[in-house]
Amino acid sequence: MVHNFFAGPAILPKSVLKKASESVLSFADMGLSVLEISHRSKQFGEVMEKAENLTRTLSGATDDYAVLFLTGGASSQFYLTAMNVLGKGETAAYVDTGTWSTKAIKEAKLFGNIEVVASSADRGYSYVPKNFNLPSNTKYLHITSNNTIYGTQYQKMPDVSVPLVCDMSSDLFSRPIDIEKYDIIYAGAQKNLGPAGVTLVIIKKDILGKVEREIPTMLDYRTHITKGSMFNTPPAFPIYVSMLTMEWIMEQGGPGRMQEINEEKASILYNEIDRNPCFTGKAESEDRSRMNVTFLPTKEEYTEPFLDMCAANNCVGVKGHRSVGGFRASIYNAISKESVQVLTDTMKDFANKFG
Ligand SMILES: *Cc1c(COP(=O)(O)O)cnc(C)c1O
């Protein structure tokens, strides 16, 4: 068995992969593959409906919100959010917690006044800044709930009086969502939801239609709301697999249960990092991510032999992001406690041999 710690595209539940692969050969008794049927067919219509309903169940989104399955990745949401809701001359606040936030800030600046109200760049993005003042008339506050590269995560969402726009790409459905806090939630599927190719967007409908700029049809959220994410051909297979993953999350007991399991897995790994003389955590303790666990070797010469040992024990994807170095173990919903245990055992063995 291979233990998959890749950051994204990332691990999917085995039962989901099994159902998905069966459907590639024969879907819904149609005698056809899920890959070769019209997105307008009744059978695919049912997939879309289920995917939307599961998203509503898992997020708590009421009819005040639209649920969209779009293309272009989370990276396209960096500009779409601002383009659709931030009028020229209006102000939005952003917290810069690393690469993905930085990219969101860059794109949003094309459409309005962007105030970076807090940043953790001063300490290498090793924490989540909690104190900031919002400018008056702030339209929304944009945050990145989990910083995939640096391994930090909001353990408590900021308490602000303005709506939140949140990039949840790497921790969506890893814990419950207090939906009323948000105007927009977006997430590329390939971290914790499904395969690459679809982006989930949950958006409060009444914030749209208030900017004066002209928006190209494909980039206007209202187009996709009106057409039920089928204005053009949707990424049918990634939506289907995401739907299966959401069903799997429900079978596990839903986001509340997912959170308990994720906290347990993360604490197994962080306890070992804190105990083991060969490793040190990258993120500050209180902001440690339950999804992407970043850690460094206490001596540079440990790096290669530890990665070799991981490979020998079938732990893959443990090499840190190039901008951080060291190691990163992504422990999304689908990874088992047993896999996390294999990695921590590998760390123990490493310390016995090299420490
Ligand atoms: C991976 C990631 C992105 C980028 O997603 P794409 O779908 O590749 O555009 C954005 N934000 C976060 C937090 C991510 O982890």
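The following exercises, with worked solutions, concern a predicted model of a protein chain.

**Exercise 1. Overall form**

Task: Determine how many helices and strands the protein chain has, and how its radius of gyration stands against the globule rule.

Solution:
- Step 1. The secondary structure amounts to nine helices and 14 strands.
- Step 2. The radius of gyration is 21 Å, close to the 20 Å that the globule rule gives for 355 residues, so the chain is as compact as a globular protein of that length.
- Step 3. The C-alpha trace spans about 65 × 60 × 30 Å along its principal axes.
- Step 4. Of the 355 residues, 56% count as buried.
- Step 5. Among contacts with a separation of 6 or more, 66% come from residues 24 or more positions apart.

**Exercise 2. The seven-stranded sheet**

Task: Describe the order of the strands in the open sheet of seven strands, and state which strands stand at its edges.

Solution:
- Step 1. The strand order is 2-10-9-8-5-3-4, and the pairing is mixed.
- Step 2. Strand 2 (65-70) and strand 4 (113-119) each have a single partner strand, so one side of each is left without a neighbour in the sheet.
- Step 3. On average, neighbouring strands of this sheet are turned by 15° against each other, direction ignored.
- Step 4. Helix 2 (residues 42-59) packs on the sheet, where it touches strand 2 and strand 10 (199-204). The direction of helix 2 makes about 125° with that of strand 2.
- Step 5. Helix 4 (residues 99-108) lies across several strands, including strand 3 (91-96) and strand 5 (138-144), and runs at about 160° to strand 3.
- Step 6. Within the sheet, strand 8 (residues 164-167) pairs with strand 9 (residues 182-188) in the parallel sense over four bridges. L164 stands opposite Y182 in strand 9.

**Exercise 3. The cysteines C310 and C315**

Task: Decide why C310 and C315 do not count as a disulfide.

Solution:
- Step 1. A disulfide requires two cysteine sulfur atoms within 2.5 Å.
- Step 2. The cysteine sulfur nearest to that of C310 belongs to C315 and is 5.4 Å away.
- Step 3. Because the cut-off is 2.5 Å, C310 and C315 at 5.4 Å are not counted as a disulfide. The count of disulfides comes to zero.
- Step 4. C310 is buried, with a relative accessible area of 1%. C315 is also buried, at 4%.

**Exercise 4. The setting of D287**

Task: Establish where D287 lies and whether D287 is buried or exposed.

Solution:
- Step 1. D287 is placed in the loop between strand 11 (279-281) and strand 12 (292-297).
- Step 2. The relative accessible area of D287 is 3%. Because buried means under 20%, D287 is buried.
- Step 3. Leaving aside residues up to four places away in sequence, D287 touches Y127, V128, K130, G151, T152 and Q153.

Definitions and conventions: Residues are numbered from 1 along each chain as its sequence is written. This is a predicted model: local features need pLDDT of at least 70, side-chain atom pairs count only at pLDDT 80 or more; totals for chains, interfaces and linings use all residues. Side-chain values use heavy atoms; hydrogens and water are left out. Helices (H or I, at least four residues) and strands (E, at least two) are DSSP runs, numbered from the N terminus. Buried means under 20% relative accessible area, exposed over 50%, partly exposed in between (1.4 Å probe, protein chains only). Contact means heavy atoms within 4.5 Å. Two strands pair if DSSP finds at least two bridges between them. Axes are lines fitted to C-alpha atoms, for helices over the stretch in contact, and angles run from 0 to 180 degrees between N-to-C directions. The radius of gyration is taken over C-alpha atoms; the globule rule is 2.2 Å times the number of residues to the power 0.38.
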